[in-house]
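Q: Please take a close look at the salt bridges in this model. Where are they, and how do they sit against the rest of the fold?

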Amino acid sequence: EVRLPGAAKATSVEARLDGATVALDGQGDGRYTIDMPAAGRVRRLLELRVVAPWGGRVAGLGLPWPMWLEPPGFAADVIQRRFAWEVGVIRGDHLLGMPGRWTSQQRWVWRGYGWGREPVVSSADLAAWVAGAIDRPAGAGDRSASVWPLHESRAVYAGIGPPGAATAWVVPTWLLVLVASGLALAVGMALIALPGWRRPAALLGLAAGAVVLAVAFPDASPLFVQAASPGMALAALAAALRRLDQPALRRPARPAVASASSLTRSAAPFEPLVVASSLEGGRQSMAGEAEA
């Protein structure tokens, strides 16, 4: 009797014993009974495959969704426990949030248009690793024939000890580019607009923060750097345009030169001043002329 994770919503469940398909008797709640032929003290390889829809409508809309990975069960008397997760996702999606105790089996390779992650082990290598510890009875089928078809993109994680349940987020490329490029563009515009951010202390703090994030997440750092490339390019373009326009902003206006000559007339409006004579007759004469 076995319990298969996610079997309650499974669209298909199949089992193979030493490469040959065997019947499953469902008991409900994801529990199945498998008839194991007696073969003496011989270790057999039982493979279980459950196909269940993950993500639902959220994944159909191209939005991020959580993928819950339930660990396999080990007997209490098992001394050495080694596990390997092989996850297949469609191209354009990325796995984020894997536990730190799991060892990533990916390497970054150049694909001609950018860097991408590829597993260092193939499905055939995993099959050979599992089959190497199995004493199959005489006449058992070839283990390599039980390898299921690959998905468009694979990710492999391995470790020693109880793996524990984990939740990995499946994030589409467009969301990574939107978040990473938006953050890079915002920081770049702040450096351009705020002079205080261009001080050595502030620049050193930003660089130290970037280094800490790269060290904390070494496997995902190249992915985020590539996703932030459009934002960094736009920030560099804005800085270049600001640099070209800077001389015009700093050019001081030429002050107007006023002449002391009697022939120079100011363009500014002014009120005429009337200077009255100290003589009484002079004041009367001016007043008479004004009345006339």
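**Salt bridges and their setting**

A: The count of salt bridges comes to 4. The model is a predicted one. Among the bridges is the pair Asp219 and Arg117, whose closest N and O atoms are 2.8 Å apart. This pair ties together distant parts of the chain. Asp219 lies in the loop between helix H4 (200–216) and helix H5 (221–227). Arg117 lies in strand S12 (residues 115–119). The two residues are 102 residues apart.

How well covered are the two partners? Asp219 has 25% relative accessibility, so it counts as partly exposed. Arg117 has a relative accessible area of 16%. The cut-off for buried is under 20%, so Arg117 is buried.

A second bridge joins Arg111 and Glu118, at 3.9 Å from N to O. Arg111 is partly exposed, with a relative accessible area of 32%. Glu118 is partly exposed as well, at 33%.

Another bridge joins Glu14 to Arg16, with the closest N and O atoms 4.0 Å apart. Glu14 has a relative accessible area of 25%, so it is partly exposed. Arg16 has 16% relative accessibility, so it counts as buried.

Now the chain around these pairs. The chain has 7 helices and 14 strands. Its length is 292 residues, and buried residues make up 22% of them. Among contacts with a separation of 6 or more, 72% are between residues 24 or more positions apart. The accessible surface is about 20,400 Å². Carbon and sulfur atoms account for 62% of that surface.

Next, the nonpolar interior. The largest nonpolar core has 15 residues. Met67, Leu69, Leu95, Met98, Trp102 and Tyr157 touch the most other members. Strand S7 (65–69), strand S8 (82–89), strand S13 (153–160) and strand S14 (166–172) each supply at least two residues of this core. S8 gives the largest share, 4 residues. Trp102 deserves its own look. Leaving aside residues up to four places away in sequence, Trp102 touches Leu69, Phe83, Trp85, Tyr157, Ala158, Pro163, Gly164 and Ala166. A separate core of 7 residues lies apart from the largest one. Its members include Leu96, Leu176, Leu223 and Ala228.

The strands that feed the largest core also pair with one another. S7 pairs with S14 in the antiparallel sense, over 5 bridges. Trp65 has Val170 in S14 as its bridge partner. In a regular strand, side chains alternate between the two faces of the sheet. S7 has a covered face made of Trp65, Met67 and Leu69. Its uncovered face holds Pro66 and Trp68.

S8 and S13 are antiparallel too, and 8 bridges pair them. Arg82 has Ile160 in S13 as its bridge partner. These two strands belong to an open, antiparallel sheet of 3 strands, ordered S8-S13-S10. S8 and strand S10 (103–104) are the edge strands. Each has a single partner strand, so one side of each has no neighbour in the sheet.

Which helix residues pack against S8 and S13? They are the buried residues of H2. Helix H2 (residues 123–131) has Ser123, Leu126, Ala127 and Ala131 as its buried residues. Those residues cover an arc of only 130° around the axis, so they lie on the same side of H2.

One more sheet stands at the start of the chain's strand list. It is an open sheet of 3 strands in the order S1-S5-S4, with antiparallel pairing. Its edge strands are strand S1 (2–3) and strand S4 (25–28), each paired on one side only. S4 pairs with strand S5 (residues 31–33) in the antiparallel sense, over 3 bridges. Gly26 stands opposite Tyr32 in S5.

Back to the salt bridges. Asp219 and Arg117 link distant parts of the chain. Arg117 is the buried partner, at 16%. Asp219 is partly exposed, at 25%.

Methods:
Residues numbered from 1 in each chain as written. Predicted model: local features only at pLDDT ≥ 70, side-chain atom pairs only at ≥ 80, totals over all residues. Heavy atoms only, no water. Pairing = 2+ DSSP bridges. Core = buried A, V, L, I, M, F, W, Y, C linked by side-chain atoms within 4.5 Å. Buried < 20%, exposed > 50% of the residue type's maximum accessible area, 1.4 Å probe, protein only. Contact = heavy atoms within 4.5 Å. Salt bridge = Lys/Arg side-chain N within 4 Å of Asp/Glu carboxyl O. Areas by Shrake-Rupley, 256 points an atom, 1.4 Å probe, with all protein chains shown as cover. Arc of directions from axis to C-beta.
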